[in-house]
Amino acid sequence: GNGEMTGTIWIEETGSLSMPVLITNTHAVGTVHRGVIDWINQNKPELAAQWLLPVVAETWDGYLNDINGPHVKTIHAIEAINNSKSGVIQEGSVGGGTGMNCYEFKGGCGSSSRIVKYANTEYVVAAFVQANFGSRSELRIAGVPMNDLDVPNPMHDISWFVQDKKEAKVPSGAGSVICIIATNAPLLPAQCKALARRVPLGLARTGTAGSHFSGDIFLAFSTANEGSLQSGFPVNESTEKDYDQFKSIQWGRMDDFYTATVQSVEEAVINALVANETIEGRLGHKSYSL
């Protein structure tokens, strides 16, 4: 569909991700991108002296939020990086998910994870979604249709969106979903892409068929093999030490990691819905919680 995730051409070229991933609303991508550069320039000037291609992704929150206003600032991106930490992730209407809607209920941020045992090691596969997609009629939870719930749906009246065409109908299900898959399992870049390709299977379990007006964009990364895939400027002649050393899961044993991805994505979307409360945004627009 239509959406944005910056920095992906470089990831495609090198197979590596070396900076934070930030997720915001559609019209704040440039501001947040600048904020990442400012943070790196302040904290890692040796990197900033070369080139920076931050990863910033977005979903559209214009129903609840004054999306054209300069409300997201570079300092917010800097604060987000400074305040990042391990542990339990807040879900629902927080961060970039504050103004988002999912299946025309209040949506936003959701996360889930699974443990995969490989040989004598337990690895984690985790999904983080900024969920802002789907129409009310599509939603399924554990295969059960949710389209008969007695919950108001003011988003169905879209006259606010096309003010000069009162009878026009904007297709429901627009908005986008960003999903980031993270694992500590040692994976090749192509295996990370294979995990990302399984994300739509998890989304489909919640009902969506993928709207043309929804930018459904996914990225998967592994924290293993630290120090490999370096792409900095070479400062001397290559030596026998200048080879990447890589360990990876065997391709024929990836199925459990695919299953973990699909299950984590499905649950992360549902968590984004159930962690929420009803919100009133700009112009009295309301989004009701599941």
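In strand β6, the residue that bridges to S112 is A127. That pair is a handy way into this predicted model, since it sits in a hairpin worth walking through. Strand β5 (residues 108–118) and strand β6 (residues 121–131) run antiparallel and are joined by eleven bridges. Further along, V116 stands opposite Y123 in β6. Two residues lie between the strands of this hairpin, and A119 takes a positive phi there, near 55°.

**The sheet around the hairpin**

Zoom out a little and the hairpin turns out to be part of an open sheet. Four strands make it up, in the order β5-β6-β9-β10, and the pairing is mixed. The edges belong to β5 and β10, each of which pairs on one side only. Ignoring direction, neighbouring strands here are turned by 15° against each other on average. As a reminder, strands of a sheet pair through backbone hydrogen bonds, either parallel or antiparallel.

Two helices come up against these strands. Helix α5 packs on the sheet by touching β9 and β10, and its direction makes about 135° with that of β10. Helix α6, for its part, lies across β5, β6 and β9 and runs at about 155° to β5.

**Two helix pairs**

How do α5 and α6 meet? Helix α5 covers residues 189–205 and helix α6 covers residues 255–274; they pack at about 45° with their axes 8 Å apart. Angles of 35 to 65 degrees fall outside the parallel and perpendicular classes, and α5 and α6 are therefore oblique to each other. The crossing of α5 past α6 is right-handed. On the α5 side, the contact is made by A194, L195, R198, V199, L201, G202, L203 and R205, while α6 brings F257, Y258, T261, V262, Q263, V265, E266 and V269. Sorted by class, that comes to ten nonpolar, three polar and three charged residues.

A second pair, α2 and α4, sits elsewhere in the chain. Helix α2 spans residues 29–43 and helix α4 spans residues 74–82; their axes come within 7 Å and cross at roughly 55°. That angle makes α2 oblique to α4. This crossing is right-handed. From α2, the residues involved are T31, V32, R34, G35, V36, D38, W39 and Q42, and they meet T74, A77, I78, I81 and N82 of α4. The class count for this contact is six nonpolar, five polar and two charged residues.

**Along α5 and just past it**

Back to α5, which has plenty tucked away. Which of its residues are buried? Q191, C192, A194, L195, A196, V199, G202 and L203 are. The cover over them includes β9 (177–183), β10 and α6. For the spacing in that list, recall that an α-helix has 3.6 residues a turn, so residues three or four places apart point the same way.

Take Q191, which has its place in helix α5. Its relative accessible area is 0%, so Q191 is buried. Leaving out residues up to four places away in sequence, Q191 touches P186, S248, I249, Q250, W251 and M254.

Just beyond the helix is T206, in the loop between α5 and β10 (216–222). With 0% relative accessibility, T206 counts as buried as well. Its contacts, again skipping residues up to four places away in sequence, are Y103, F133, E138, L139, R140, E266, V269 and I270. Two of these, E266 and V269, also belong to the α6 side of the contact with α5. W251 is a different story: T206 and W251 are 45 residues apart in sequence and 28 Å apart in space, C-alpha to C-alpha. After α5 also comes G207, whose phi is positive, near 120°.

**Positive phi away from glycine**

Most residues other than glycine have a negative phi. Here are two that go the other way.

| Residue | Phi | Citation |
|---|---|---|
| A142 | about 55° | positive, not a glycine |
| S176 | near 110° | positive, not a glycine |

Are they buried or exposed? A142 is found in the loop between β7 (140–141) and β8 (144–145), and at 71% relative accessibility A142 counts as exposed. S176 lies in the loop between β8 and β9; with a relative accessible area of 2%, S176 is buried.

Note on methods. Residues numbered from 1 in each chain as written. Predicted model: local features only at pLDDT ≥ 70, side-chain atom pairs only at ≥ 80, totals over all residues. Heavy atoms only, no water. Axes fitted to C-alpha atoms, helices over the stretch in contact; angles between N-to-C directions. Parallel < 35°, antiparallel > 145°, perpendicular 65-115°, else oblique. Left-handed = near helix turned anticlockwise from the far one by under 90°. Contact = heavy atoms within 4.5 Å. Nonpolar A, V, L, I, M, F, W, Y, C, P; charged D, E, K, R; others polar. Pairing = 2+ DSSP bridges. Buried < 20%, exposed > 50% of the residue type's maximum accessible area, 1.4 Å probe, protein only.
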